[in-house]
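This report looks at how two protein chains meet each other and two DNA strands, and then turns to a single residue. The sequence and the structure come first.

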Number of protein chains: 2
Amino acid sequence: MSTPSAGRPALHLPGFVPFRLNRLAAAVSEHLADIYRERFGLEIPEWRVMATVGPVRGCTAQYIAASTRMHKTRVSRAIANLVRRRLIERSSSARDRRQMRLRLTPAGRRTYEALVPLALERERQLLACLSAAQRSAFERSLAVLEVFLGLA
Amino acid sequence: MSTPSAGRPALHLPGFVPFRLNRLAAAVSEHLADIYRERFGLEIPEWRVMATVGPVRGCTAQYIAASTRMHKTRVSRAIANLVRRRLIERSSSARDRRQMRLRLTPAGRRTYEALVPLALERERQLLACLSAAQRSAFERSLAVLEVFLGLA
DNA sequence: CACAATTAGTTGCGCGCGCAACTTTCCTCC
DNA sequence: GGAGGAAAGTTGCGCGCGCAACTAATTGTG
């Protein structure tokens, strides 16, 4: 392998921010997956549905898709899995029978209550490698980027 | 939909850093994909292989997998696609005939030279929404997180 | 020097994803 | 109030991914 010799603007992948964000996000997800996959048998889409339905009872698949920015088919399948496993319940809305109102079953509520503190603890552990000032600056930058990209 | 009422530590997904990183990385990738997908017909794995082979001529699939942290089968298939499209060439190494030495073909080199400035420009556009100080703090935080997670 | 263990790379398989098409229900407008 | 269009959610399809198993070549060990 030869080393690069050009004097032109180079693109070194490990220093390229889009690549670094992808890699970082994948690693953080992997770090979190230990909890919801191995200990609760949930995959990312199911975990996101649980996390969304938990505090917002009676929400719809549409709402979950919009707030997590997951494709609606991905949401639909995650919900089907959770219903099959009796962690959430579905009932068609009285005022719009196209919509499905979602809520946690008692078992789902227990799973949710067990999961949330562990997830928050993992987030805390991750961000503990940054100083308080660094952390708040980092989150502010995230917010700016989110606005710029039309997220948030 | 009812609003949350608990006084307990809540987990609101749009404020949860691991989720935000995933969403941000996906959006940035999508933003970049306009270039390498629509204008050059490359998917992410192929783009990463091109970007790695470009400056490091004669590198191996193993090297690409390690430096991009892609699974070796993903790298293998990306390379196969690029060889089929005559953008890179493969030749077995003299000293270890298991290894495949990779280099860009002339057409691949032209694609690479056209792609790199566009990709760097997109990165610049993205980061332009941060001030210089914010940006360098952001990249420093990325570096700290990368070290913490065993990347980098 | 032969045999076991390791490494580079490829491939069969099952699965989850996104797209597009579909059903059902609601809304709009004349 | 009936017809056309839009929205919520589901499903068939093709595809790319990761896992595990495989081939071929190399290295280590007695």
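Two residues are taken to be in contact if their C-beta atoms, placed from the backbone, lie within 7 Å. With that cut-off, and leaving aside neighbours within four places in sequence, Val83(B) is in contact with Ile88(B) and Arg90(B). The model is a predicted one, and the description below should be read accordingly.

**Val83(B)**

Val83(B) belongs to helix H4 of chain B, which covers residues 72-84. Its surroundings hold 16 other C-beta atoms within 10 Å, and because a residue is called buried at 20 or more such atoms and exposed at 12 or fewer, Val83(B) is classed as partly exposed. Pro45(B) is 38 residues away from Val83(B) along the chain, and the C-alpha atoms of the two are separated by 13 Å.

**The contact between the chains**

Chain A brings 53 residues to the contact and chain B brings 54 residues. On the side of chain A that touches chain B, at least two residues each are supplied by helix H1 (17-39), helix H2 (44-53), helix H3 (61-68), helix H5 (106-127) and helix H6 (132-148) of chain A. H1(A) provides the largest share of this side, with 13 residues. Sorted by class, the side of chain A that touches chain B has 36 nonpolar, 10 polar and seven charged residues.

**The DNA strands**

Around DNA strand C there are 18 residues, of which His71(A), Arg74(A), Ala61(B), Gln62(B) and Ser76(B) come nearest. Helix H4 (72-84) of chain A, helix H3 (61-68) of chain B and H4 of chain B each give at least two residues to the surface near DNA strand C, and the largest share, four residues, is that of H4(B).

Around DNA strand D there are 19 residues, and those that come nearest are Thr60(A), Ala61(A), Gln62(A), Ser76(A) and Arg74(B). Two or more residues of the surface near DNA strand D come from each of H3 and H4 of chain A and H4 of chain B, with H4(A) giving the most, four residues.

The classes of residue on the two surfaces are set out here.

| Surface | Nonpolar | Polar | Charged |
|---|---|---|---|
| near DNA strand C | four residues | seven residues | seven residues |
| near DNA strand D | four residues | seven residues | eight residues |

Helix H4 of chain B thus links the parts of this report: Val83(B) lies in that helix, and H4(B) also supplies residues to the surface near DNA strand C.

Notes:
Residues are numbered from 1 along each chain as its sequence is written. Chains are lettered from A and ligands numbered from 1 in the order in which they are written. This is a predicted model: local features need pLDDT of at least 70, side-chain atom pairs count only at pLDDT 80 or more; totals for chains, interfaces and linings use all residues. Ala, Val, Leu, Ile, Met, Phe, Trp, Tyr, Cys and Pro count as nonpolar, Asp, Glu, Lys and Arg as charged, and the others, Gly among them, as polar. A residue is near a molecule or strand if its C-beta atom, placed from the backbone, lies within 6 Å of it.
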